[in-house]
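Got the viewer open? Here's a short walk through the structure, one selection at a time.

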Amino acid sequence: MLKVLAACAAGVVCLAGCAGTIGLPTSSPSGMPGAGSPAAEVRARMALLMGEHTYVLAKLTVAAAAGRKDEFGSYADLLAANGSDLGGVISKAVGASAFQQFAQSWTRGDSFFVDYMVAVITRQQNLADAALINLNATYVPEIAQDLSTPLNISTSSVNRMVTEQVTTIKQFIDDAATGTPSAFYPDVRAAYAKSIAMGGSIAEATVWKFPDKYPGDATAEGAKARAQLDSLLQEHAYLLSMTTDAGSSGATAEAAAATSSLQANAQDLSHTIASIFGSKSGTQAAQLWSDEDRSFVTYASAGDVATKSAALNALNQTSTPALTGFLNGHHVTADVASVTHQTIGLIDDQRAKSYAVVAAEDRQSAALLISIGDLMMEAAG
């Protein structure tokens, strides 16, 4: 396994330079004041990409710990695509020269993260120590410099944010290496929250430095609400796929831990929806999404045809129509059935161990859920 994972790790550098861009589509919400401005758009986009980066590293960690080389390679591709997309946002703001410097530093950082992951999981402490030194002594100061100079952010502020990123990601990698899923999933969520906050800070600085490129206020209530809702929906999609992945592979302890974090996300999602549409709507949303999730997890872990068929019927005939009706009641015309269909396809590939394609499908599921968030923001206000 060491040789395979090491080869994939080395490939991350190449992939980041040559991977095609996989879009995270967003619309332009206009219902809540400030949610549809270019400033709000860059905040949402930056938060989503920074947050996605954390979950892709978490999924790489799970694949590495399980020794699933095809799944590891699939998410390595997605890590590269995420870096390419993030670079595109940075490039638009600061120009080609600054972008190239950022892209090189970010790619090195991803390689160091993967080096650390592989070394810890394969119990090569000397290599893990070297990777951690590279992260703290090379990646952190380079990214701090690459962002502080073109965006006029204090070097100490960026250094603190990137150091926190390294610390929180290291923590969940260590959790996976010691086989403690009950700590791994909460720590992934904590790292995700830090990444979202980092994305928001970078976006605010970008809008402040380039107001002509990004009219609007990145700190407006609507801009923050949009980024928060979209980020929670992206996290929900990625946590759900981790839960179904564990369930389909029979990893019961991991599935239980992932389910707990998925439920915690649903509660956070409920609170956010309540802040936009009212407390009753938040409570309804939590129940409806939980019903949908329960059927997905049952479908993924089903050990016989009857159970699998019953879960599929519950999705298509009960929970999906109910969620659609809830959204329609808030003047949100969303194709929830397409989200369900996409997620079922992803689960089918997880069950079939068709790991080479799961990352792209995973990202598409997240993108569809994010699009519902933007539709909800359009209807708000």
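Select helix H3 (residues 69-94) and helix H13 (residues 358-379): in this predicted model, the two pack with their axes 7 Å apart, at an angle of about 50°. That angle is neither under 35 degrees nor in the 65 to 115 range, so H3 and H13 count as oblique to each other. Now show side chains. On the H3 side, you want Glu71, Ser74, Tyr75, Leu78, Ala81, Asn82 and Asp85, and they meet Val358, Ala359, Asp362 and Arg363 of H13. Color that contact by residue class and you get 5 nonpolar, 2 polar and 4 charged residues.

Keep Glu71 on screen and add Asp245, since the two touch. Asp245 sits in helix H8 (residues 221-248). Is Asp245 buried or exposed? With a relative accessible area of 7%, Asp245 is buried, because the cut-off for that is under 20%. Leaving aside residues up to four places away in sequence, Asp245 also touches Arg68, Gln350 and Tyr355.

Next stop: helix H9 (residues 252-277) and helix H10 (residues 279-301). Their axes come within 7 Å and cross at roughly 150°, so H9 and H10 are roughly antiparallel. The crossing is right-handed. To see the contact, pick Leu262, Ala266, Gln267, Leu269, Ser270, Ile273, Ala274 and Phe277 from H9, then Ser279, Ser281, Gly282, Thr283, Ala285, Ala286, Trp289, Ser290 and Asp293 from H10. The same coloring here gives 9 nonpolar, 7 polar and 1 charged.

Now for the core. Which residues of the largest nonpolar core touch the most other members? Highlight Leu60, Tyr139, Phe172 and Phe184, out of 113 core residues. Helix H2 (residues 38-66) supplies the largest share of this core, with 14 residues.

Zoom in on Tyr139 and bring up its neighbors. Skipping residues up to four places away in sequence, Tyr139 touches Ser105, Trp106, Gly109, Phe112, Phe113, Asn134, Val162, Gln165 and Val166.

Last selection: Ile121, in helix H4 (residues 96-121). At 9% relative accessibility, Ile121 counts as buried. Draw a distance from its C-alpha to that of Ala64: the viewer should give 7.3 Å, for two residues 57 apart along the chain.

Terms used: Residues numbered from 1 in each chain as written. Predicted model: local features only at pLDDT ≥ 70, side-chain atom pairs only at ≥ 80, totals over all residues. Heavy atoms only, no water. Axes fitted to C-alpha atoms, helices over the stretch in contact; angles between N-to-C directions. Helix = DSSP H or I, 4+ residues; strand = E, 2+ residues; numbered from the N terminus. Parallel < 35°, antiparallel > 145°, perpendicular 65-115°, else oblique. Left-handed = near helix turned anticlockwise from the far one by under 90°. Contact = heavy atoms within 4.5 Å. Nonpolar A, V, L, I, M, F, W, Y, C, P; charged D, E, K, R; others polar. Core = buried A, V, L, I, M, F, W, Y, C linked by side-chain atoms within 4.5 Å. Buried < 20%, exposed > 50% of the residue type's maximum accessible area, 1.4 Å probe, protein only.
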